[in-house]
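Work through the exercises below with the coordinates open. Each task is followed by its solution.

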Amino acid sequence: MPGIRHLIVCEGESERAYLQQLQAFLEKQPLKPGAFESPVKFIGPQSAVTKSGVFSNLKNQYSSVRRDNKKASIQIWADFDLYHRNHKKCAENYAKRPPGIPNFCFSFHNFEDFYALHLESTEFNQWLAFGNAEHFASPLHAEQYIPEFLRICPDYKKAEIPVEFITWDSLRNLKRNKSQQPTSNPWKLQDIYGFADFLISQLEIAYPGQLD
């Protein structure tokens with residue numbers, strides 16, 4: 001039986017690097033009897049990297065990917081910070097997006113916030129303390145929060161994911177920590193979802209009991 005295949009339109013190279021490492025990890029998992037491939041795939045093609053979180057760019061990139069993959073499951077993974085600020089009317093455009101454009105799956109607020117959800121309690125709580133004080137209610141720009149992030153995760157590099165970063169333990173951390181993502185939504189946007197929620201839900205279907 002073929003696995004479920006999700007094509008992911010990514011805001012940037014960090015998201016794509018994560019998907020590549022995630023898929024490499026999943027490909028190493030034992031297959032069920034009679035299966036010939038992983039039960040779920042998360043694919044971020046280079047052609048689906050938008051290099052921008054602006055709504056119009058993501059919408060156009062999604063439409064391009066959809067034209068070539070008419071029946072595929074296609075998700076859009078973006079940072080929420082531009083929508084929180086309504087940068088270039090991102091929030092307004094998302095609220096009135098045309099039919100056929102799916103609900104976005106967001107990192108709240110940035111990829112580094114998503115990355116932090118995979119950390120063990122000590123490091124995650126350090127990031128949580130910083131975020132609750134300075135970042136989550138009103139997202140900072142990268143030059144403001146990256147120094148603190150690097151203090152907690154000194155080996156972190158943009159667009160690179162350490163080979164051993166994704167494990168069942170770090171994915172269990174993601175499941176445990178995702179309830180503490182930022183919830184600030186000043187434009188009261190409806191139909192916004194976390195990429196972490198999407199990812200965990202799909203992994204639990206594909207690998208029942210593995211994240212318990």
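Three exercises follow, on helix length, helix packing and salt bridges.

The model is predicted, so local features need pLDDT of at least 70 and side-chain atom pairs count only at pLDDT 80 or more, while totals for chains, interfaces and linings use all residues. Residues are numbered from 1 along each chain as its sequence is written, and side-chain values use heavy atoms, leaving out hydrogens and water.

**Exercise 1.** Compare the expected span of helix α9 with the distance between its end C-alpha atoms.

Step 1. Helices are DSSP runs (H or I, at least four residues), numbered from the N terminus. The expected span is 1.5 Å times one less than the number of residues.
Step 2. Helix α9 has 12 residues (195–206), so it should span 16 Å; its end C-alpha atoms are 16 Å apart, which agrees.

**Exercise 2.** Classify the packing of α1 and α8 by angle.

Step 1. Axes are lines fitted to C-alpha atoms, for helices over the stretch in contact, with angles from 0 to 180 degrees between N-to-C directions.
Step 2. Helix α1 (residues 13–27) meets helix α8 (residues 168–177) at about 125°, the axes being 12 Å apart.
Step 3. Angles under 35 degrees are roughly parallel, over 145 roughly antiparallel, 65 to 115 roughly perpendicular, and the rest oblique. The pair α1 and α8 is therefore oblique.

**Exercise 3.** Locate the salt bridge of E112 and K158 in the chain.

Step 1. A salt bridge needs a side-chain nitrogen of Lys or Arg within 4 Å of a carboxyl oxygen of Asp or Glu; for E112 and K158 the N to O distance is 2.9 Å.
Step 2. E112 lies in helix α5 and K158 in the loop between α7 and α8, so the bridge ties together parts 46 residues apart in sequence.

Conventions
Helices (H or I, at least four residues) and strands (E, at least two) are DSSP runs, numbered from the N terminus.
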